[in-house]
Amino acid sequence: MNEIGCYLKKIHNQLENDFNRKFKKYGLTSTQLDVLEYLAQHADADHTLSDIAAYFDVRHTSMIHVLKLLEGKGFICRSSTSADSRAKPVSLTDRGRQIVLDVSKSCPAFHQQMFSGISDEEQKLLARLLDQIYKNLNADAFKEL
């Protein structure tokens, strides 16, 4: 693994471990919290299992597991208007919305610490570069390697 890849892996591991430790008191993993935050940020539309899996670029089977856990904990509900579980709209419960509000209070301090010493312009450049890397990895040419 090259140096940049190693840093990306270390950053991912650090964030995952810290989030899991911090949100354990809510009974949430970082992945579960990511789904709750996605639903809160996109509350203006109905979202299905397929939508959420596509957004996070994961398999349906992985997302089914996450949604079942969140539903069991009372953070989300899925409409039962369709026989196809992939087409059932997923929404936050009041409890799920409250968790997202509680967690969002710590975000500014977290963001400030993580990007300390990095200018706004450098953050924008980093975001563009990471977006390009993600697009490169999703390109057919990469998948054929």
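Which helix gives the largest share of the lining of the second largest pocket? Keep that in mind. One caution before the answer: this is a predicted model.

The answer is α1, with 6 residues. This second largest pocket holds about 320 Å³ of space. Its lining counts 16 residues. Nearest the centre sit Leu 15, Asp 18, Phe 19, Lys 22 and Phe 110. At least two lining residues each come from α1, α2 and α6. Sorted by class, 8 are nonpolar, 3 polar and 5 charged.

Now the largest pocket. The space there is about 1,700 Å³. Its lining has 37 residues, and those closest to the centre are Ile 11, His 12, Leu 15, Asp 34 and Leu 130. Leu 15 should sound familiar. That residue is also among those nearest the centre of the second largest pocket.

Which helices build this lining? At least two residues apiece come from α1 (3–22), α2 (30–41), α3 (49–56), α4 (60–72), α6 (107–114) and α7 (120–138). The largest share belongs to α7, at 9 residues. As for chemistry, 24 lining residues are nonpolar, 9 are polar and 4 are charged.

Last topic: cysteines. A disulfide is a covalent bond between the sulfur atoms of two cysteines. How many disulfides does the model have? The count is 0, with a cut-off of 2.5 Å between cysteine sulfur atoms. How exposed are the cysteines at 6 and 77? Cys 6 is partly exposed, at 30% relative accessible area. Cys 77 is partly exposed too, at 36%.

Note on methods: Residues are numbered from 1 along each chain as its sequence is written. This is a predicted model: local features need pLDDT of at least 70, side-chain atom pairs count only at pLDDT 80 or more; totals for chains, interfaces and linings use all residues. Side-chain values use heavy atoms; hydrogens and water are left out. Buried means under 20% relative accessible area, exposed over 50%, partly exposed in between (1.4 Å probe, protein chains only). On a 1 Å grid over the protein atoms alone, a cavity is a set of points where a 1.4 Å probe fits but cannot get out, and a pocket is an open set with protein on both sides within 12 Å along at least five of seven lines; lining residues have an atom within 4 Å of a point. Grid points are joined across faces, edges and corners, and a volume is the space filled by probe spheres set on the points. Helices (H or I, at least four residues) and strands (E, at least two) are DSSP runs, numbered from the N terminus. Ala, Val, Leu, Ile, Met, Phe, Trp, Tyr, Cys and Pro count as nonpolar, Asp, Glu, Lys and Arg as charged, and the others, Gly among them, as polar.
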